[in-house]
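Hi there,

Here is the structure I said I would pass on. Please open it alongside this email, and have a look around before reading my notes.

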Amino acid sequence: MAVSTLIRDTRYAFGQNPLTLMAAILFVFLVACALLGPTLVPYDPLASDAMARMQPPSLGHPFGTDSLGRDMLSRTIVATRLDLGMAVFAVALSFVVGTAMGAVAGYLGGWMDKVIGRIFDTIMAFPLFVLAMGIVAALGNSVINIVIATAVINLPFYGRFARAEVNVRRDLAFIEAARMGGNGPMSVMARHIVPNILPPMMVQISLNMGWAILNAAGLSFIGLGVRPPEPEWGIMVSEGAAYIFSGEWWTFVFPGMALVLAVFCFNLLGDGLRDMIDPRRRT
Amino acid sequence: MKAGLMRATHPAEAAAAHGVPLLEVDRLTLDFATRGGRVKALDQVGFTLDRGQILGLVGESGSGKSVTAFAIMDLLDQAARIETGQIRFTGIDLLARKRRALKELRGREIAMIFQSPRTALHPIRKVGHQIEDVLRAHSSVPPGLRRQKAIEALERVRIPDPARRYEAYPFELSGGMCQRVMIAMALSADPSLLIADEPTTGLDVTTQAVIMDLIRDLVRESGMSVLLITHDLAMAGEYCDRIAVMHAGHIVETAPAHLLLREPAHPYSAKLIAATPAKAASIEALAAIPGNLPDLRQPQPPCRFSTRCERHRPDCDQPPLDAARLGQDHLVLCRHPL
Amino acid sequence: MIVLRRLAEAVPSLVGVVIVTFLLSHALPGDPAAYFAGPAANAESVAEVRRTLGLDRSLPVQFGYYLLDLAKGDLGHSLTTGQPVTSDLLQRLPASMELTLAALIVAIAVALPLGIVAALRPNSLADHFCRLTVTIGAAFPTFFVGLLLVYLLYFKLGLVPQPLGRLDEIYFTPPPTVTGFYLIDTLLNGDVDAFRAALSQLILPAVSLALFAMAPLARMTRAAMLTALGSDFVRTARANGLPARKVIFTYALRSAMLSIVNVMGMVFSFLLGSNVLIEQVFGWPGIGAYAVSAVIASDYAAVQGFVLMMAILYVLLNLAVDLAATAIDPRVRFES
Ligand SMILES: Nc1ncnc2c1ncn2[C@@H]1O[C@H](COP(=O)(O)OP(=O)(O)O)[C@@H](O)[C@H]1O
Ligand SMILES: [Mg+2]
């Protein structure tokens with residue numbers, strides 16, 4: 001029954017909003033690029049070619065070449081894995097840690113709740129991108145630290161949500177658990193609370209992915225984390241920006257558009273999921 | 001163009017002079033377009049209201065009373081579509097008039113007050129300023145005098161210490177006080193018709209009586225007419241001259257109030273009377289009316305009460321069904337009246 | 001009274017901010033001493049540096065010194081400029097503030113009317129246009145928008161001057177500092193040409209920055225206006241025959257403002273964060289560009305000082321938002 005409603009809702013959401021369908025297709029495409037990118041591309045993304053520097057888009061190089069003669073199409077596609085990867089790991093990390101912290105706070109209450117709440121408040125007291133910069137600067141300039149920083153700034157969103165839900169559901173869940181034959185807190189969580197908060201969390205995750213991609217790309221744009229010659233959209237835009245005054249637009253436009261598409265895709269998916277889960281909250 | 005609406009000759013007076021009722025709703029039929037299909041909210045609704053009278057529009061929740069009022073006020077939302085019918089005010093069909101002209105009537109000639117008065121007022125604007133907004137829209141009171149006029153309006157609805165209440169926000173006032181403020185606003189342009197949609201719902205019993213007495217006194221003072229919408233037949237009996245009983249988008253019975261309460265002709269009216277605390281012989285008799293309102297998205301039989309009616313007979317489902325005249329001022333929509 | 005209470009409520013946030021910036025600079029992996037001693041240092045000189053920086057003491061003691069320094073307004077010295085970080089930041093702050101405020105004004109000026117129009121006619125062309133703009137605006141990274149605009153409007157069309165800083169200093173002299181905002185100072189100086197020049201430099205970065213902040217503003221305006229327009233008190237206003245303008249602005253919009261003001265916190269977070277990226281793109285001499293060069297040069301003190309200053313700024317802006325909400329909503333004033 002649950003599956004059939006899900007299918008019906010999915011069909012409804014796609015039917016209502018063709019953009020959601022488009023986003024789903026785009027999503028599959030992005031995932032394919034991330035998984036298969038390196039085997040799909042026509043050129044080695046790192047191979048420079050002194051003979052083919054700064055060539056505008058052509059049949060041989062649909063996205064043109066950069067200042068070292070590297071093929072922009074290959075670089076843009078291969079970068080998908082790193083850009084999505086950073087965002088996926090960051091979101092997964094903040095989802096797991098944030099939900100756990102929020103659940104503990106909501107479940108135990110008392111001083112634990114206060115301390116965790118204070119931590120979330122403090123994170124939210126910073127402009128989030130600035131805090132991410134500070135964290136990367138302090139932890140050291142690496143991709144892992146970009147992931148960590150992006151995860152940290154997203155913690156409060158998951159944490160506060162999980163806390164509120166656990167608070168509301170705790171007592172109900174216990175009654176249910178007692179009826180089904182007594183269970184410990186951990187299994188109450190796993191069986192009764194987590195399944196209930198998962199669907200709205202999916203919306204949050206999807207909307208968060210777009211924001212995480214922007215954030216990670218922004219950090220590499222200003223020179224944090226990813227190092228050249230590694231292909232990554234943010235750093236590619238920043239490299240391409242150097243040639244803007246000589247009119248070589250393709251060096252920054254294509255990786256930039258890749259970013260836009262990826263963020264657009266996750267934002268639309270998030271909106272679509274929200275319509276599916278809670279059609280009333282539609283904006 | 002606005003012969004009947006000029007302020008110089010008061011439209012209600014003009015209407016009375018020609019023997020035209022102040023308000024006539026005539027065979028009004030109206031749908032809502034919804035996801036689940038068309039909701040046939042009103043079907044051939046008709047009644048008349050004379051000058052200086054209070055007409056009660058009574059029926060259980062969902063029977064179409066508010067929709068009728070909104071149709072008169074032109075406050076229906078976009079999903080609504082008027083199929084047929086006329087709404088004549090001083091003899092002029094409002095539905096045929098241009099929208100602009102209709103807006104001029106709103107608040108000026110026809111005013112309306114609502115239930116849950118605390119949410120029906122702007123939550124973050126001083127009540128005095130809200131009254132002034134209405135004054136500014138409808139009268140040529142010079143700006144310097146508006147405050148004075150607003151305080152007088154509060155005084156007229158017997159709010160104690162009106163100068164202080166002028167400065168209050170709705171959340172600082174009780175529900176009863178907010179309803180008085182809303183009445184003061186509605187009356188500030190001296191309308192000839194007041195539509196009161198469940199004005200006492202949500203207020204406590206003593207306040208209910210106070211508000212209703214106030215409305216009755218104001219009617220006597222000003223000579224305006226009132227369309228009183230309520231689900232409380234006992235209250236309608238006490239305050240109204242005539243009563244129209246509404247069920248599932250039909251007016252099922254119209255009669256003078258005392259007659260309707262004494263000798264209801266429609267089975268639904270009888271059930272409503274039995275369900276009012278004052279008339280119920282015992283707690284058991286206070287039982288709700290059996291069944292629910294029909295789903296108005298489905299095709300309806302000629303009598304929309306038939307599925308709930310104990311006196312249902314086979315010929316009840318035979319179209320057409322027209323209102324029968326039982327007395328000079330007594331109409332009933334039933335083949336087998338009591 | 002209420003101002004004092006709101007101020008008191010902002011204190012825990014400030015304390016949290018100070019602790020976090022301290023932790024970022026003192027308690028995390030990586031050895032600042034080794035770093036400050038430079039790449040050529042040996043173990044002895046690192047230990048020497050550690051002692052002079054006080055890094056050999058316990059964390060609480062270090063925190064105490066950190067607080068003392070903060071109280072004196074001392075954020076350390078920048079490696080790159082050799083100046084005290086505090087004066088570096090303060091000197092660049094007006095440029096950033098001018099840009100951020102300009103972007104805020106642009107964002108509000110576009111998002112509010114857009115959201116209102118969309119709410120007045122749900123599912124109309126205007127509504128779809130609003131939704132599209134908002135969705136696209138939210139997907140474009142600020143730095144990319146900035147570059148696109150520079151390419152199109154400067155390089156291709158030549159409509160704006162070269163995006164390098166606040167004023168073309170070959171042709172114009174910066175006005176004497178009064179407010180630090182060029183748009184105001186040029187006018188105070190009576191130099192209309194310089195005002196125009198400063199404005200033309202400001203437009204592109206401000207618009208790029210605004211685009212991203214527009215999304216939450218327009219969304220919230222639309223949603224809040226829809227709620228307000230469907231509310232009981234708007235129905236009352238209509239029934240009383242108030243003119244449409246009055247109903248929309250005095251009644252619906254004023255109550256919707258409460259929800260709109262409540263997203264301003266998020267809007268400021270976006271603006272201050274993206275500010276860094278935009279300053280980088282446009283060579284804007286503000287604290288964001290300063291921080292980026294500091295980050296790249298691993299200029300520790302400068303980065304931490306920047307983070308702290310931004311956070312304090314953000315806390316203060318949120319305080320201002322809270323006070324604005326209090327001013328709008330008499331119910332909040334009444335509670336206290
Ligand atoms: N905006 C609307 N859309 C669809 N159906 C509506 C709408 N407003 C009212 N209705 C329907 O019209 C009928 C009458 O409602 P209403 O007039 O509010 O009843 P009441 O007698 O309680 O005032 C109900 O069945 C209701 O479902
Ligand atoms: Mg009603």
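Below is what I found, starting with the ligand and moving on to the chains and the backbone.

Please keep in mind that this is a predicted model. Its overall scores are an ipTM of 0.90 and a pTM of 0.86.

**Around ligand 1**

Which residues make up the surroundings of ligand 1? They come from chain B: B:F32, B:T34 and B:A41, then the run B:E60, B:S61, B:G62, B:S63, B:G64, B:K65, B:S66 and B:V67, and also B:D77. By character, this shell splits into six polar residues, three charged ones and three nonpolar ones.

Two elements of chain B, strand β1 (23-34) and helix α2 (65-73), each contribute at least two residues to the shell. The largest share belongs to α2(B), with three residues.

If you zoom in on the oxygen atoms of ligand 1, there are three distances to look at. One of these oxygens sits 2.7 Å from a side-chain N or O atom of B:S66. For B:V67, a polar backbone atom is 2.9 Å from a ligand oxygen. At B:S63 the backbone is again involved, with an N or O atom 3.2 Å from an oxygen of ligand 1. As for cover, ligand 1 on its own has 560 Å² of accessible area, and the protein covers 68% of that.

**Confidence in chain B**

Since the ligand shell is in chain B, you may want the confidence figures for that chain. Its mean pLDDT is 88, and 91% of the residues reach 70 or more. Residues 1-8 of chain B have a pLDDT below 50, and this stretch makes 16 contacts in the model beyond near neighbours in sequence.

**Chain C**

Chain C has an average pLDDT of 88, with 96% of its residues scoring at least 70. Which of its elements have the lowest and the highest mean pLDDT? The lowest belongs to helix α2 (residues 32-37) of chain C, at 68, and the highest to helix α10 (residues 232-239) of chain C, at 95.

You can also view chain C as two domains: domain 1 covers 2-71 and domain 2 covers 93-335. Taken over C-alpha atoms, the centres of these two domains of chain C are 33 Å apart. Where the domains touch, domain 1 of chain C brings 16 residues to the contact and domain 2 of chain C brings 15.

**Backbone details**

A few spots in the loops are worth a click as you go through the model. In chain A, a cis peptide bond links A:P228 to A:P229, with omega at about 10°. A:P229 is in the loop that runs between α7 (185-221) and α8 (233-241) of chain A.

Chain B has a cis peptide bond between B:P319 and B:P320, where omega is about -5°. You will find B:P320 in the loop between α11 (267-274) and β11 (324-327) of chain B.

Also in chain B, B:T90 is not a glycine, yet its phi is positive, at about 50°. B:T90 lies in the loop connecting β4 (80-89) and β5 (92-93) of chain B.

Happy browsing, and do write back with any questions.

Best wishes

Technical notes. Residues are numbered from 1 along each chain as its sequence is written. Chains are lettered from A and ligands numbered from 1 in the order in which they are written. This is a predicted model: local features need pLDDT of at least 70, side-chain atom pairs count only at pLDDT 80 or more; totals for chains, interfaces and linings use all residues. Side-chain values use heavy atoms; hydrogens and water are left out. A residue is near a molecule or strand if one of its heavy atoms lies within 4 Å of it. A polar contact is a pair of N or O atoms within 3.5 Å; within protein, one must be able to donate a hydrogen and the other to accept it, and residues adjacent in sequence count only if both atoms are side-chain atoms. Accessible areas come from the Shrake-Rupley method with a 1.4 Å probe; for residues, only the protein chains shown count as cover. Helices (H or I, at least four residues) and strands (E, at least two) are DSSP runs, numbered from the N terminus. Ala, Val, Leu, Ile, Met, Phe, Trp, Tyr, Cys and Pro count as nonpolar, Asp, Glu, Lys and Arg as charged, and the others, Gly among them, as polar. pLDDT is the predictor's confidence in each residue, from 0 to 100. Domain bounds come from an automatic or database domain assignment. Contact means heavy atoms within 4.5 Å.
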